[in-house]
Amino acid sequence: MIKLFLSIASAIALMGLVAYGQTSSTSTTVATGTNGTTETTTTTTESTGTVTEYTPGEMIVLKTEAVEPVRYRFSKQVTYVTSDGRVIEPSKIRKDSKVQVHYIKEGDDMLVDKVIVTKARY
């Protein structure tokens, strides 16, 4: 019975670790007409990780599932919130904070417009 319990507990812990570094994306494309074609493509992506470097208003580097840490730049307007939706000051983000970033890919840059602190490190 104890072995079964330990096996289940280990499996649940492993699933949590794998799910933590997941990246999700949503895309929206709008196109009109064949002659005067207007095409707008927006790809919004979220990624979760641990802050390894952080400069408010400039950039954030996250340790994710990727082999190398991932560097993100901040867009002109960034919202910083807790996991329950409370707005916080950018200065509350610390190294080793667990965060989720919401970003838009623009060329080679990933521009963050929202940072969600997922664990209480603020």
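**Figure 1. The salt bridge between Arg-86 and Asp-84 in the predicted model.** Asp-84 counts as exposed at 56% relative accessibility, where exposed means over 50% relative accessible area, buried means under 20%, and partly exposed covers the range in between (1.4 Å probe, protein chains only). Its partner Arg-86 is partly exposed, with a relative accessible area of 46%. The closest N and O atoms of Arg-86 and Asp-84 are 3.6 Å apart, which satisfies the definition of a salt bridge as a side-chain nitrogen of Lys or Arg within 4 Å of a carboxyl oxygen of Asp or Glu. A search of the whole structure finds two salt bridges. The structure is a predicted model, in which local features need pLDDT of at least 70 and side-chain atom pairs count only at pLDDT 80 or more, while totals for chains, interfaces and linings use all residues. Residues are numbered from 1 along each chain as its sequence is written, and side-chain values use heavy atoms, with hydrogens and water left out.

**Figure 2. The salt bridge between Arg-73 and Asp-109.** Here the closest N and O atoms are 2.9 Å apart, and the pair links distant parts of the chain, with Arg-73 in strand β4 and Asp-109 in strand β6 (residues 109-117), 36 residues apart. Strands (E, at least two residues) and helices (H or I, at least four) are DSSP runs, numbered from the N terminus. Arg-73 counts as partly exposed at 38% relative accessibility, and Asp-109 is also partly exposed, with a relative accessible area of 29%.

**Figure 3. Pairing of β6 with β4 and with β5.** Two strands pair if DSSP finds at least two bridges between them. Strands β4 and β6 pair in the parallel sense over six bridges, and within β6 the bridge partner of Arg-73 is Leu-111. Strands β5 and β6, by contrast, pair in the antiparallel sense over eight bridges, with Val-101 standing opposite Val-115 in β6. A hairpin is formed by β5 and β6 with two residues between them, and Gly-107 in the turn has a positive phi of about 65°.

**Figure 4. The aromatic pair Tyr-72 and Tyr-103.** Rings of Phe, Tyr and Trp (its six-membered ring) pair if their centres lie within 6.5 Å; planes under 30 degrees apart count as stacked, over 60 as edge-to-face and the rest as tilted. By this rule the count comes to three aromatic pairs. The ring centres of Tyr-72 and Tyr-103 are 5.0 Å apart and their planes stand at 55°, so the pair is tilted. Because Tyr-72 lies in strand β4 (residues 70-82) and Tyr-103 in strand β5 (residues 98-106), the pair ties together parts that are 31 residues apart in sequence. Both Tyr-72 and Tyr-103 are buried. Lys-105, which lies in strand β5, is partly exposed at 49% relative accessibility, and its C-alpha atom is separated by 9.7 Å from that of Tyr-72, 33 residues apart along the chain.

**Figure 5. The ring cluster and its setting in the chain.** Ring pairs link Tyr-54, Phe-74 and Tyr-80 into a cluster. The secondary structure of the protein chain comes to one helix and six strands, following the pattern α-β-β-β-β-β-β along the sequence. Of the 122 residues in the protein chain, buried residues make up 27%.
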